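Let's take a walk through this model together, starting with its empty space and ending at its charged pairs. Have the viewer open and follow along.

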Amino acid sequence: MNDAKSFGSVERWDADQELHTAIAHASGNGLFERMVAECRLRTGMFGMERIPSRFESGRAEHLATLGALHERAAEAVGPLMDAHIENAKLAVVRALTGLADL
């Protein structure tokens with residue numbers, strides 16, 4: 001995922017799916033795992049074709065979260081994931097409404 005041009009939308013979605021699923025599964029929390037799966041079903045239509053601007057910021061958010069997990073910096077993971085979810089949500093709302101100032 002280093003370059004959006006060298007990574008097709010299907011491959012990007014598959015990698016994104018694998019990342020989110022692995023994190024949810026590793027949590028050991030079945031409810032969280034089901035919530036992530038449900039969220040992924042609902043957001044699947046908002047891929048690179050629909051919101052290409054999310055590629056770089058999403059990639060950076062993923063790398064930051066993975067870095068915190070690797071460092072076992074539990075106190076950093078929650079805020080990073082919260083920001084990732086909020087940024088993705090705002091991008092979807094912008095895509096649906098055409099409002100850039102959200």
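Which residues lie nearest the centre of the largest pocket? Keep in mind as you look that this is a predicted model. Among the 29 residues that line the pocket, H20, C39, R40, H84 and A88 are the ones nearest its centre. The pocket's volume comes to about 740 Å³.

Now see where that lining comes from. Helices α1 (9-26), α2 (30-43), α3 (54-70) and α4 (74-97) each contribute at least two residues to it. The largest share belongs to α4, which gives seven residues. Sorted by class, the lining holds 16 nonpolar residues, seven polar ones and six charged ones.

One of the residues nearest the pocket centre, R40, is a good place to turn to charge pairing. Side chains of opposite charge can pair when their charged atoms come close. R40 does this with D16, in a salt bridge whose closest N and O atoms are 2.6 Å apart. Since R40 sits in helix α2 and D16 in helix α1, the pair ties together parts that are 24 residues apart in sequence. Are these two partners buried or exposed? Both R40 and D16 are buried, each having under 20% relative accessible area. The pairing also extends to another residue: R12, D16 and R40 are linked in a network of salt bridges.

In total, the model has six salt bridges, and two others are worth a visit. In helix α3, the side chains of R59 and E56 meet with an N to O distance of 3.3 Å. These two residues are three apart in the helix, so about one helical turn separates them. E56 is partly exposed, at 42% relative accessible area.

Helix α4 holds a pair with this kind of spacing as well: E86 and K89 are three residues apart, which means about one helical turn lies between them. Their side chains form a salt bridge at 3.0 Å, N to O. Both ends can be placed on the accessibility scale: E86 is partly exposed at 35%, and K89 is partly exposed at 45%.

To finish, go back to α3 and look at its surface. L63 belongs to this helix and joins L66 and L69 in a nonpolar surface patch of about 250 Å². With a relative accessible area of 48%, L63 counts as partly exposed, and so passes the cut-off of over 30% that is asked of patch residues.

Methods
Residues are numbered from 1 along each chain as its sequence is written. This is a predicted model: local features need pLDDT of at least 70, side-chain atom pairs count only at pLDDT 80 or more; totals for chains, interfaces and linings use all residues. Side-chain values use heavy atoms; hydrogens and water are left out. On a 1 Å grid over the protein atoms alone, a cavity is a set of points where a 1.4 Å probe fits but cannot get out, and a pocket is an open set with protein on both sides within 12 Å along at least five of seven lines; lining residues have an atom within 4 Å of a point. Grid points are joined across faces, edges and corners, and a volume is the space filled by probe spheres set on the points. Helices (H or I, at least four residues) and strands (E, at least two) are DSSP runs, numbered from the N terminus. Ala, Val, Leu, Ile, Met, Phe, Trp, Tyr, Cys and Pro count as nonpolar, Asp, Glu, Lys and Arg as charged, and the others, Gly among them, as polar. Patches are made of residues with over 30% relative accessible area and no salt bridge: like charges are joined within 9 Å, nonpolar side chains (Val, Leu, Ile, Met, Phe, Trp, Tyr) within 5 Å. Accessible areas come from the Shrake-Rupley method with a 1.4 Å probe; for residues, only the protein chains shown count as cover. A salt bridge is a side-chain nitrogen of Lys or Arg within 4 Å of a carboxyl oxygen of Asp or Glu. Buried means under 20% relative accessible area, exposed over 50%, partly exposed in between (1.4 Å probe, protein chains only).
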